[in-house]
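Got your viewer open? Load the model, get ready to select a few residues at a time, and follow along.

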Amino acid sequence: MRYAITGAAGFIGSHLAEALAAAGHDVVGIDSFTGYYDVSLKEANAGALEALGVETLRLDLAADELDLTGFDGVFHLAGQPGVRSFGDVFPLYLTRNVLASQRLFEAAARDGAKAVFSSSSSVYGAAERYPTPEDTRPHPLSPYGITKLASEQLADAYAREFGLDVVVLRYFNAFGPRQRPDMAFARIVNALASGTRFDLYGDGGQSRGWTYVADVVAATILAMEGGRGTYNVGGALEASMNETIALLERISGRTLELLRHPRVPGDQRRTQADTSRIRAELGWAPQVSLEEGLRAQWEWASSRVVGR
């Protein structure tokens, strides 16, 4: 099969590209290499993919022409991440999430490529119940979550009006090697390895259902192969930030220097996925525990910190 991956040089995208290439598929990456974080990290991911025979095209989905002719499917993982999306940065979220997704869905519908769209647990916001099933009323707390929900609705509109074959995946707190440097686990590992301070926003009681990146990739591939509609993709173990910090301290054998700050507006107090649907329809279940995944992330990331 021939697949395109948007956001291929990023965290989940690079893992997905590796897995598809290893399975013998023809894979083409697409990435705009924005400056949201150090571009050299994405360039390193793209270089590793190139060694596997995966070319990464530098394209801006919101502006450049996109031709998906000849592709069996496109995995749409690109987007502007982060709940700190209020204020002056909001136009970036509109452009890189909503407009980019609309143009991607337009091209996929026109060229006959199935689409798998990576949405987010952020669409649920302060959910009505936990674990949260897919039919829960979305109530996003951040502009980021709002743009992800808007992109989901665009996917549905293109499915209804133009016959787009599309699956929506709501990822819950992916982690693992190559995680974005702005994400909590990456910052904690870096602080532990380098002996620097970690800034924690909120009281640490905010709780998440964490999902290891290999489990995310497995669910994403199954969705392309036989998924329909919307699925939660979430790990089996829920833990608070305080609990995960204690676990990483035990794994690393180090004590974290911690400075607490007020909660960031738009940050959810809790996320936990009801994965009954994806388990029943696609046979997916998370395989990697939180401790296993954190150990793998510590070993990968700490070895790259100068002065460990």
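Before the first click, one term: a residue is buried if its relative accessible area is under 20%, exposed if that area is over 50%, and partly exposed in between, using a 1.4 Å probe and protein chains only. You're looking at a predicted model, where local features need pLDDT of at least 70, side-chain atom pairs count only at pLDDT 80 or more, and totals for chains, interfaces and linings use all residues. Residues are numbered from 1 along each chain as its sequence is written, and side-chain values use heavy atoms, leaving out hydrogens and water.

**Stop 1: Thr244**

Select Thr244, which sits in helix H7. The labels come from DSSP runs numbered from the N terminus: helices (H or I) have at least four residues and strands (E) at least two. Is Thr244 buried or exposed? Its relative accessibility is 0%, so Thr244 counts as buried. Now show its contacts, meaning heavy atoms within 4.5 Å. Skipping neighbours within four places in sequence, Thr244 touches Phe185, Trp210, Ala239, Leu290 and Leu294.

**Stop 2: H5 against H7**

Next, colour helix H5 (residues 184-194) and helix H7 (residues 241-252). They pack at an angle of about 40 degrees, with their axes 11 Å apart. Each axis is a line fitted to C-alpha atoms, for helices over the stretch in contact, and the angle, from 0 to 180 degrees, is taken between N-to-C directions. H5 and H7 are therefore oblique to each other. As for the wording, angles under 35 degrees are roughly parallel, over 145 roughly antiparallel, 65 to 115 roughly perpendicular, and the rest oblique.

Turn the view to look through one helix at the other, and you'll find that H5 passes H7 in a right-handed crossing. Right-handed means the near helix is turned clockwise from the far one by less than a right angle, and left-handed means anticlockwise.

Which residues of H5 and H7 meet? From H5, pick Ala184, Phe185, Ile188, Val189 and Leu192; from H7, pick Met241, Thr244, Ile245, Leu248, Glu249 and Ser252. That contact of H5 with H7 holds eight nonpolar, two polar and one charged residue. Here Ala, Val, Leu, Ile, Met, Phe, Trp, Tyr, Cys and Pro count as nonpolar, Asp, Glu, Lys and Arg as charged, and the others, Gly among them, as polar.

Stay on H5 for a moment. Its buried residues are Phe185, Ala186, Ile188, Val189, Ala191, Leu192 and Ala193. What covers them includes strand E7 (174-175), strand E8 (197-201), H7 and H9. Just past the helix, click Gly195: this residue follows H5 and has a positive phi, near 75 degrees.

**Stop 3: H7 against H9**

Keep H7 and add helix H9 (residues 290-302). These two pack at an angle of about 55 degrees, with their axes 10 Å apart. H7 and H9 are therefore oblique to each other, and H7 passes H9 in a right-handed crossing. Thr244, Leu247, Leu248, Arg250, Ile251 and Ser252 of H7 make the contact with Leu290, Glu291, Leu294, Arg295 and Trp298 of H9. Sorted by class, the contact of H7 with H9 has six nonpolar, two polar and three charged residues.

**Stop 4: salt bridges**

How many salt bridges does a search of the whole structure find? The count is 17, where a salt bridge is a side-chain nitrogen of Lys or Arg within 4 Å of a carboxyl oxygen of Asp or Glu. Here are a few to select:

- Asp156 and Arg160 form one, with their closest N and O atoms 2.8 Å apart. They are four residues apart in helix H4 (residues 143-162), so about one helical turn separates them. Asp156 is partly exposed at 40%, while Arg160 is exposed at 54%. Add Glu161 too: Asp156, Arg160 and Glu161 are linked in a network of salt bridges.
- Glu281 and Arg277 form another, at 3.0 Å between the closest N and O atoms. Both lie in helix H8 (residues 276-282), four residues and about one turn apart. Glu281 is partly exposed at 46%, and Arg277 is partly exposed at 26%.
- Arg129 pairs with Asp135, the closest N and O atoms being 3.3 Å apart. Arg129 is partly exposed at 44%, whereas Asp135 is exposed at 63%.

**Last stop: Ala21**

Finish on Ala21 in helix H1 (residues 11-22). Ala21 is partly exposed, at 22% relative accessible area. Beyond its neighbours within four places in sequence, Ala21 is in contact with Val27 and Val54. Now pick the C-alpha atoms of Ala21 and Leu49: they are 8.9 Å apart, with the two positions 28 residues apart along the chain.
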